[in-house]
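I opened this entry to record two things I wanted to look up: how the strands of one chain are arranged, and how the protein meets the nucleic acid. My notes follow in the order in which I worked.

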Number of protein chains: 2
Amino acid sequence: MKYTEAKEELIQAWGNLGYSWGLNKTMAQIHALLMISPKPLSTEDIMDELSISRGNANMNIRALLDWGIISRISIAGERKEYFKSEKDIWALARQVAKERRKRELEPILKVLREVNDVQADGTEEAKEFKKVVKELKNFAEKSDGLLETFIKAEESWFWNNLLKLMK
Amino acid sequence: MKYTEAKEELIQAWGNLGYSWGLNKTMAQIHALLMISPKPLSTEDIMDELSISRGNANMNIRALLDWGIISRISIAGERKEYFKSEKDIWALARQVAKERRKRELEPILKVLREVNDVQADGTEEAKEFKKVVKELKNFAEKSDGLLETFIKAEESWFWNNLLKLMK
DNA sequence: CTAAACTTTCAATAGTTATTGAAAGTTTTT
DNA sequence: AAAAACTTTCAATAACTATTGAAAGTTTAG
């Protein structure tokens with residue numbers, strides 16, 4: 001397989017995966033592009049490589065900055081801004097986990113805690129409801145704790161411990 | 001907080017969470033509804049409770065069956081089909097993990113393996129590319145292994161081991 | 001200060017995904 | 001066999017999300 005072909009395919013595939021990580025397609029593609037690029041790219045470079053408009057490029061670059069998975073850098077003697085991605089996959093995964101925890105897990109935990117205080121009038125529905133909420137809450141809290149460990153962990157420590165489980 | 005209000009809020013919140021687990025909003029809401037219901041519900045019940053159309057209900061029920069997280073049951077002496085959800089959150093999480101692994105992780109692994117054989121012509125781009133792909137592949141394979149362990153694990157065993165890590 | 005170089009915004013629109021509901025299909029009952 | 005009870009499909013459309021590109025905004029250089 002030739003390089004340009006492989007590059008194309010990886011960017012495509014990463015676009016899909018990124019999507020399921022909570023990014024959108026273009027965001028993930030820009031990220032893939034920056035990740036495999038040995039040097040930082042400008043907005044214009046990105047527009048060209050992915051054939052997207054200026055506005056689209058700008059918006060998604062900003063979103064990536066917002067997620068904290070790419071960074072802005074300036075090159076001496078140049079006006080343009082360049083961007084580079086975090087290349088350490090582990091750091092990337094941690095960052096994504098952190099954002100998703102904030103955006104997804106925290107809100108549901110809040111609701112579960114609220115809803116946990118529901119008045120149990122005598123009905124069977126209400127009783128079942130309480131039971132399910134309690135379990136969900138327990139599960140969500142465990143997951144939250146685990147995520148936190150993941151986010152704070154050192155790569156090698158984490159995998160070493162985890163790999164022990166996997167045998 | 002009153003029961004009906006709490007129920008409403010939980011279904012809403014679960015809808016959002018489900019969405020980020022790869023289900024769609026209605027799918028997740030139907031699931032939430034079945035999860036808190038002490039007895040199985042018919043398509044009609046679901047339509048009423050969530051105020052959705054027959055077609056929509058039918059499609060999403062089928063998708064949930066497809067994911068293997070709800071099941072069809074019949075009640076003696078009744079024509080209608082009823083549905084109930086798996087109530088064990090752990091089992092649910094495993095099922096979701098299994099489906100997502102198939103739908104998301106496997107495709108990217110395939111691409112990474114393919115793309116790993118790229119011809120390294122001398123360019124710096126190609127060199128960087130190979131390096132990144134190698135790391136991604138390594139990460140994805142580790143994640144795959146971990147997911148597999150999760151999918152096959154017993155609840156208590158898994159959490160007990162994991163909780164040790166979390167301290 | 002003004003022009004040039006670059007970035008950001010945003011209304012218009014294209015593209016995608018979800019939803020409806022009536023019609024067609026299936027199974028069961030009489 | 002016909003009617004009743006129920007399920008599934010699917011074309012139309014509504015709702016939502018992504019993208020464009022021109023205009024407005026900002027920063028730097030001369």
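**Strands of chain B**

I began with strand E2 (residues 70-74) of chain B, and I found that it pairs in the antiparallel sense with strand E3 (residues 81-85) of chain B over 5 bridges. I kept in mind throughout that this is a predicted model. Looking for a single pair to anchor the register, I noted that Arg72(B) has Phe83(B) in E3(B) as its bridge partner. I then followed the chain between the two strands: E2(B) and E3(B) form a hairpin with 6 residues between them, and in the turn Gly77(B) has a positive phi of about 80°.

Next I asked myself which strand order the sheet has. The sheet is open, with 3 strands in the order E1-E3-E2 (chain B) and antiparallel pairing. The edge strands are strand E1 (41-42) and E2 of chain B, each of which pairs on one side only. I checked the other pairing of E3(B) as well, and found that E1(B) is joined to it by 2 bridges, again with the strands running antiparallel. Here Leu41(B) has Phe83(B) as its bridge partner in E3(B), so that residue appears in my notes for both pairings.

Turning to what packs on the sheet, I saw that helix H2 (residues 25-36) of chain B lies across E1, E2 and E3 of chain B and runs at about 85° to E3(B).

**Surface near DNA strand C**

I then listed what surrounds DNA strand C: there are 16 residues, and the closest are Asn58(A), Arg62(A), Arg79(A), Thr26(B) and Ser53(B). By class, the residues of this surface divide into 1 nonpolar, 8 polar and 7 charged. Helix H4 (54-67) of chain A and helix H4 (54-67) of chain B each supply at least two residues of the surface, and H4(A) gives the most, with 4 residues.

Which part of DNA strand C lies within 4 Å of the protein, sugar or phosphate, or bases? Of the atoms within that distance, 66% belong to sugar or phosphate, and the rest belong to bases.

I finished with individual contacts to phosphate oxygens of DNA strand C. A polar backbone atom of Ser53(B) is 2.7 Å from one such oxygen, and a polar side-chain atom of Asn56(B) lies 3.1 Å from a phosphate oxygen. On chain A, I found a backbone N or O atom of Glu81(A) at 3.2 Å from a phosphate oxygen.

Methods
Residues numbered from 1 in each chain as written. Chains lettered and ligands numbered in written order. Predicted model: local features only at pLDDT ≥ 70, side-chain atom pairs only at ≥ 80, totals over all residues. Heavy atoms only, no water. Pairing = 2+ DSSP bridges. Near = heavy atom within 4 Å. Polar contact = N/O pair within 3.5 Å; in protein donor to acceptor, adjacent residues only side chain to side chain. Nonpolar A, V, L, I, M, F, W, Y, C, P; charged D, E, K, R; others polar. Contact = heavy atoms within 4.5 Å. Axes fitted to C-alpha atoms, helices over the stretch in contact; angles between N-to-C directions.
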